[in-house]
Amino acid sequence: MAEHWFCEQNTPGYSVQWKVVQKLHQETTPFQELMFVELEEWGRTLILDGAVQYTEKDEFIYHEMIAHVPLMSHPRPEKVLIIGGGDGGTLREVLKHPKVASVDMVEIDQRVVETSKVFLPGVASGFDDPRTRLIIDDGINYVHETKQKYDVVLVDSSDPVGPAVQLYSRPFYQDVYRALADDGMLVVQSESPLFYGQLFASIVGNLKDIFPITRVYLATVPTYVSGPWSFTAASKTHDPAHIADDTAIIDGLKYYNKQIHQAAFALPQFILERLG
Ligand code: AG3
């Protein structure tokens, strides 16, 4: 049988090829092109609109970092909202926190959830946890209309193309601010500072205009473009870089620890300059 390679086109001058062992599933949902493959080296993989979202090999890095940094720095992260994250990786990490009492997860594309449960068995369990409430809706509408007040909001979105575009807009961040408790904290995945520098700077700039505290942190996620990947934490009172005093480290994590939490906020010079 001929070799098959999947090619992710990142910029006009840069693409990455992955050797495919087996295609598991492909469909066009009302929102996007959805595909699961088994990759050599990287394992089970979710691809949305041609961009790799999840690989079995390194998904723990991204999911631990989007979840545990805010949940360890907020002293009482009881009520959590996840926007996006339909594959369930962020949900799995959030549910590891004993202080978390409820997780509302708002995913626009029901098919991502349904198929991830089948093809990504490592994350399916979170959907059955009694603390989880899955809401199939556009995150934009949901935060605009909700009367809930959350302690922590996580935006685990795809790139700003297709269904995710509005999740990068200032009105959305304003609505999130309103949906947060008085000491609430937001974390968004804020893309590659090297490859999508302008986009990265505009996300951080928008959040800085709305929240009193905005802090960028990094993790190396080999699956995503070029390695260093950014997250931006925007907070009303608590410093996201400071681990809350009575917070015990969760056992069994593969990337996150206290030293990583602190070190992740150290930023290279080109990023500091980009942020002004
Ligand atoms: N969300 C961020 C993925 C960004 C991927 N970009 C790309 N490959 N160009 C990941 C969702 C995982 N729960």
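**Around the ligand**

Student: Which residues come nearest among the 15 around the ligand?

Tutor: Glu8, His63, Asp87, Asp156 and Asp159 come nearest; a residue counts as near if one of its heavy atoms lies within 4 Å of the molecule. This is a predicted model, where local features need pLDDT of at least 70, side-chain atom pairs count only at pLDDT 80 or more, and totals for chains, interfaces and linings use all residues. Residues are numbered from 1 along each chain as its sequence is written, and side-chain values use heavy atoms, with hydrogens and water left out.

Student: What makes the pair between Asp87 and the ligand a polar contact?

Tutor: A polar contact is a pair of N or O atoms within 3.5 Å. In the side chain of Asp87, an N or O atom is 2.6 Å from a ligand nitrogen, so the pair qualifies. His63 also places a polar side-chain atom 2.8 Å from a nitrogen atom of the ligand.

Student: Why are seven residues of the shell called nonpolar?

Tutor: They are called so because Ala, Val, Leu, Ile, Met, Phe, Trp, Tyr, Cys and Pro count as nonpolar. Asp, Glu, Lys and Arg count as charged, and the others, Gly among them, as polar. Beside the seven nonpolar residues, the shell has four polar and four charged.

Student: Which domains supply the shell?

Tutor: Domain 1 (4–55) and domain 2 (59–242 + 250–275) each give at least three residues, with bounds from an automatic or database domain assignment.

How values were computed: A polar contact is a pair of N or O atoms within 3.5 Å; within protein, one must be able to donate a hydrogen and the other to accept it, and residues adjacent in sequence count only if both atoms are side-chain atoms.
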